[in-house]
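Please look through the sequence and the model shown here before reading on, and keep both at hand while following the text.

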Amino acid sequence: MARPLLPALTLLFALPAGAMLWQGADLSRLFSTVAVAAPADLLDGCGDVPEAVALAEELRDRALRIERYMASLDAKKAEIAEAEASLRDHLGDLRAQKGRTNADRDGATQAVRTDIDRLIALYDQMKPAEAAAILTNLPADFAAEILMRVQPEAGARIIAAVDPRQAALLTAQMGARSVRTP
């Protein structure tokens, strides 16, 4: 007899709930009558049981600790959000500074290139013997750089006017620079 009763009870409770769900009814009103003890009413009738009083105090203490912990978490979240905003601002400042630095460096590089181009033009206009006399007194790597940038015909005449040992050294420097920078 117990076996046929169980499916009947299931249908008895499930069909109305299914119909309510089908119609889109709010089921929360069915469960709103659940008994909930308010904190003040929690110990009514249990004041003479020491274990219940101790349990209630322990639960109250835990609730207070949880509230303090949650407040601490909220404060930490606010600190983290403030730190993130500060870091974003600082990152923006650093990016702007990097852009200015790159622009300054590009300007300085362009100025150096302009100066080098003027120097090369000057050596292109000199007589080979005069240019050779000046280049022999310069450091070998600097002189080789100048010779690589002047017009090939002017460079050939300048090297021909230089002492053969110095010309060999300059040629070796020019070849080494060519190998370093493809």
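The paragraphs that follow go from the whole chain to its long helix, and then to single residues.

The model is a predicted one, and its secondary structure consists of seven helices and zero strands. Read from the N terminus, the order of elements is therefore simply α-α-α-α-α-α-α, given that helices and strands are taken as DSSP runs. Of the 182 residues in the protein, 12% are buried. The accessible surface of the protein amounts to about 14,500 Å², and carbon and sulfur atoms contribute 62% of that area. When contacts in the protein with a separation of 6 or more are considered, 52% of them join residues that are 24 or more positions apart.

The element to trace next is helix 3, which covers residues 50–125 and so contains 76 residues under the DSSP assignment. From its first C-alpha to its last, helix 3 reaches 110 Å, a span close to the 112 Å expected at 1.5 Å a residue. Within helix 3, the residues A56, I120 and Y123 are buried. The cover over the buried residues of helix 3 includes helix 4 (128–135), helix 5 (140–149) and helix 6 (152–161).

How do helix 3 and helix 5 cross, and within what distance do their axes come? The two axes come within 9 Å and cross at roughly 75°, and because angles of 65 to 115 degrees count as roughly perpendicular, helix 3 is described as roughly perpendicular to helix 5. On the side of helix 3, this contact is made by I116, L119, I120 and Y123, while helix 5 supplies F142, I146 and R149. By residue class, the contact of helix 3 with helix 5 comprises six nonpolar residues, no polar ones and one charged residue. Two of the helix 3 residues that make this contact, I120 and Y123, are also listed among the buried residues of helix 3.

Another residue of helix 5 to consider is A143. A143 has a relative accessible area of 0% and is therefore buried, the limit for that class being under 20%. Not counting residues up to four places away in sequence, A143 touches L135, L138 and L170. The C-alpha atoms of A143 and A132 are separated by 9.5 Å, although the two residues are eleven places apart along the chain.

Helix 7, which runs over residues 164–180, contains Q166. Is Q166 buried or exposed? At 18% relative accessibility, Q166 counts as buried, because the limit is set at under 20%. If its neighbours within four places in sequence are left aside, Q166 is in contact with L135 and T136; L135 is also one of the residues that A143 touches.

Further along, R177 is likewise found in helix 7. With 24% relative accessibility, R177 counts as partly exposed, because this value lies between the 20% limit for buried residues and the 50% limit for exposed ones. R177 touches E145, M148 and R149, again not counting residues up to four places away in sequence, and R149 is one of the residues with which helix 5 contacts helix 3. R177 and D141 are 36 residues apart in sequence, whereas their C-alpha atoms are 8.6 Å apart in space.

A last residue to examine is P152, whose place is in helix 6. P152 has a relative accessible area of 61% and is therefore exposed, since that class begins over 50%. Between P152 and D124 there are 28 positions of sequence separation, and the C-alpha to C-alpha distance is 9.6 Å. The helix that holds P152 is helix 6, which is included in the cover of the buried residues of helix 3.

How values were computed: Residues numbered from 1 in each chain as written. Predicted model: local features only at pLDDT ≥ 70, side-chain atom pairs only at ≥ 80, totals over all residues. Heavy atoms only, no water. Helix = DSSP H or I, 4+ residues; strand = E, 2+ residues; numbered from the N terminus. Expected span 1.5 Å × (residues − 1). Buried < 20%, exposed > 50% of the residue type's maximum accessible area, 1.4 Å probe, protein only. Contact = heavy atoms within 4.5 Å. Axes fitted to C-alpha atoms, helices over the stretch in contact; angles between N-to-C directions. Parallel < 35°, antiparallel > 145°, perpendicular 65-115°, else oblique. Nonpolar A, V, L, I, M, F, W, Y, C, P; charged D, E, K, R; others polar. Areas by Shrake-Rupley, 256 points an atom, 1.4 Å probe, with all protein chains shown as cover.
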